[in-house]
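Trainee: I would be grateful for a close look at one part of this structure, namely its aromatic side chains and how they are arranged.

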Amino acid sequence: MKSARALLLCSIVTLLACDSAPAGATDPPGAWKLVNAFPKLEFSQPVDLQSPRDGSKRLFVVEQAGVIKVFANRADIVSAATFLDIRDRVMSGGEMGLLGLAFPPDFARSGLFYVNYTAGSPNRTVVSRFKSSPAGADP
């Protein structure tokens with residue numbers, strides 16, 4: 001299980017559909033190919049990958065413990081910055097943790113975004129709104 005997670009952590013993979021195979025190819029038309037999209041990045045327990053669709057060409061990875069990483073959507077990218085760190089609010093493990101991220105259509109203008117996470121005392125699901133800034137997000 002850990003090695004399967006390590007593979008996922010080391011590279012977020014994307015599936016690319018092949019509409020037609022080139023001459024001499026062994027894959028039939030319409031076959032899927034697994035591509036190591038970001039071979040130099042590593043994440044800890046990634047549970048979600050999102051694009052804000054704001055023209056910035058950034059991707060955001062949600063880590064279950066309570067961290068959101070951000071990086072440029074390029075295969076040669078070598079590091080991801082911390083965008084939001086709310087580990088102090090998140091109860092994680094098993095099926096609990098920071099589990100989702102959503103950008104509204106006006107994110108580029110408003111800077112607002114939403115996260116879904118599990119909090120403790122008492123255990124509950126929380127949906128919170130945050131505002132991004134040039135330095136990251138305001139917890």
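How many aromatic pairs does a search of the whole structure find?

Mentor: This is a predicted model, and a search of the whole structure finds eight aromatic pairs. Two of them may be taken in turn.

One of the pairs is formed by F38 and F71. Their ring centres lie 5.0 Å apart and their planes stand at 75 degrees; planes over 60 degrees apart count as edge-to-face, so the F38 and F71 pair belongs to that class. F38 is located in the loop between β2 (32–36) and β3 (46–50), whereas F71 belongs to strand β5 (residues 67–72), so the pair ties together parts that are 33 residues apart in sequence. As to burial, the cut-off is under 20% relative accessible area. F38 is buried because its relative accessible area is 4%, and F71 counts as buried because its relative accessibility is 3%.

Another pair consists of F103 and F113. Here the ring centres are 6.2 Å apart and the planes make an angle of 40 degrees, so the pair is classed as tilted. The F103 and F113 pair also links distant parts of the chain: F103 sits in the loop between β7 and α2 (107–110), F113 sits in strand β8, and the two are ten residues apart. F103, with a relative accessible area of 15%, is buried; F113, at 0%, is buried as well. Both residues take part in one aromatic cluster, which is formed by F60, F83, F103, F107, F113 and F130.

Strand β8 can be followed further through T118, since T118 lies in that strand, which spans residues 112–119. T118 is buried, with a relative accessible area of 9%. Apart from its neighbours within four places in sequence, T118 is in contact with R89, V90, M91, M96, G97, L99 and R124.

An exposed residue may be set beside these buried ones. D88 is found in the loop between β6 (81–85) and β7 (98–102). The cut-off for an exposed residue is over 50% relative accessible area, so D88, with a relative accessible area of 70%, is exposed. D88 and G66 are 22 residues apart in sequence, and their C-alpha atoms are 7.9 Å apart in space.

To return to the request, the F38 and F71 pair is edge-to-face, the F103 and F113 pair is tilted, and F103 and F113 belong to one aromatic cluster together with F60, F83, F107 and F130.

Conventions: Residues are numbered from 1 along each chain as its sequence is written. This is a predicted model: local features need pLDDT of at least 70, side-chain atom pairs count only at pLDDT 80 or more; totals for chains, interfaces and linings use all residues. Side-chain values use heavy atoms; hydrogens and water are left out. Helices (H or I, at least four residues) and strands (E, at least two) are DSSP runs, numbered from the N terminus. Buried means under 20% relative accessible area, exposed over 50%, partly exposed in between (1.4 Å probe, protein chains only). Contact means heavy atoms within 4.5 Å. Rings of Phe, Tyr and Trp (its six-membered ring) pair if their centres lie within 6.5 Å; planes under 30 degrees apart count as stacked, over 60 as edge-to-face and the rest as tilted.
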